[in-house]
Amino acid sequence: MTTVYDFELPKGFVDQQGIVHKRGKMRLATAGDEIAATRDPRVLSNPSYLTIVVLAAVITELEGLDAVVPSTVERFFTADLAFLQDMYQRINNVEPPTMRAVCPDCGKIFEVPINFTREG
């Protein structure tokens, strides 16, 4: 089972010396990563900061940097942030669960997403 994935940022992170860092590694997220992120004071005061904290936890390497911390992720270009959010969702299979359903009129079998978070 693969738990760490290589990536290359579309734009690249530019550090304080002007060096561009593009290649890195992201690991699969754990329940603990997401729980810890929801308890972070920055997330409690601004829920949209959740993405920053979670990505900082799961990006294990960015070429030439000692560590990736939330302040690093804050400085990513929006194209790179979108790329990493998409990668996070893809590698962690963040898709709603589905169930098989049968149309009572025509008998056709199809998949229906199960929504545990809201009505409808």
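Here are legends for several close-up views of this predicted model.

**View 1. The hairpin of strands E1 and E2**. Strand E1 covers residues 4-14 and strand E2 residues 20-27, and the two pair in the antiparallel sense over seven bridges. Two pairs of facing residues help you find your way along the ladder. Tyr5 stands opposite Met26 in E2, and Phe7 stands opposite Gly24, again in E2. Five residues sit between the two strands of the hairpin. In that turn, look for Gly18, which has a positive phi of about 85°.

**View 2. The open sheet E1-E2-E3 and the helix that packs on it**. Step back from the hairpin and a third strand comes in: the order is E1-E2-E3, and the pairing is antiparallel. E1 and strand E3 (59-62) are the edge strands, each pairing on one side only. On average, neighbouring strands of this sheet are turned by 25° against each other, if you ignore direction. Helix H5 (residues 78-91) packs on the sheet and touches E1, E2 and E3. The direction of H5 makes about 170° with that of E1. As a reminder, strands of a sheet pair through backbone hydrogen bonds, either parallel or antiparallel.

**View 3. Helix H3 and its buried residues**. Zoom in on H3, which runs over residues 50-58. Ile52, Val53, Val54, Leu55, Ala56 and Val58 are buried here. What do the buried residues of H3 pack against? Quite a list: strands E2 and E3, plus helices H1, H2 (41-45), H4 (70-74) and H5. The next two views take a pair of helices each.

**View 4. Helix H1 against helix H3**. H1 (residues 31-39) and H3 have axes that come within 9 Å and cross at roughly 140°. The two helices are therefore oblique to each other, and their crossing is right-handed. On the H1 side you'll find Asp33, Ala37 and Thr38, meeting Leu50, Val53, Val54, Ala57 and Val58 of H3. Sorted by class, the residues of this contact are six nonpolar, one polar and one charged.

**View 5. Helix H3 against helix H5**. Here the axes of H3 and H5 are 11 Å apart, and the helices pack at an angle of about 70°. That angle makes H3 roughly perpendicular to H5. H3 passes H5 in a left-handed crossing. H3 brings Thr51, Ile52, Val54, Leu55 and Val58 to the contact, while H5 supplies Leu81, Leu84, Gln85 and Tyr88. By class, the contact of H3 with H5 has seven nonpolar residues, two polar ones and no charged ones.

**View 6. Thr98 in strand E4**. The last close-up moves along to Thr98, in a strand made of residues 98-102. Is Thr98 buried, partly exposed or exposed? Thr98 has a relative accessible area of 44%, so this residue is partly exposed. Leaving aside residues up to four places away in sequence, Thr98 touches Glu111, Val112, Pro113 and Ile114. For Val112, 14 residues away from Thr98 along the chain, the C-alpha atoms of the two are separated by 5.2 Å.

Note on methods: Residues are numbered from 1 along each chain as its sequence is written. This is a predicted model: local features need pLDDT of at least 70, side-chain atom pairs count only at pLDDT 80 or more; totals for chains, interfaces and linings use all residues. Side-chain values use heavy atoms; hydrogens and water are left out. Helices (H or I, at least four residues) and strands (E, at least two) are DSSP runs, numbered from the N terminus. Buried means under 20% relative accessible area, exposed over 50%, partly exposed in between (1.4 Å probe, protein chains only). Contact means heavy atoms within 4.5 Å. Axes are lines fitted to C-alpha atoms, for helices over the stretch in contact, and angles run from 0 to 180 degrees between N-to-C directions. Angles under 35 degrees count as roughly parallel, over 145 as roughly antiparallel, 65 to 115 as roughly perpendicular and the rest as oblique. A crossing is left-handed if the near helix is turned anticlockwise from the far one by less than a right angle, and right-handed if clockwise. Ala, Val, Leu, Ile, Met, Phe, Trp, Tyr, Cys and Pro count as nonpolar, Asp, Glu, Lys and Arg as charged, and the others, Gly among them, as polar. Two strands pair if DSSP finds at least two bridges between them.
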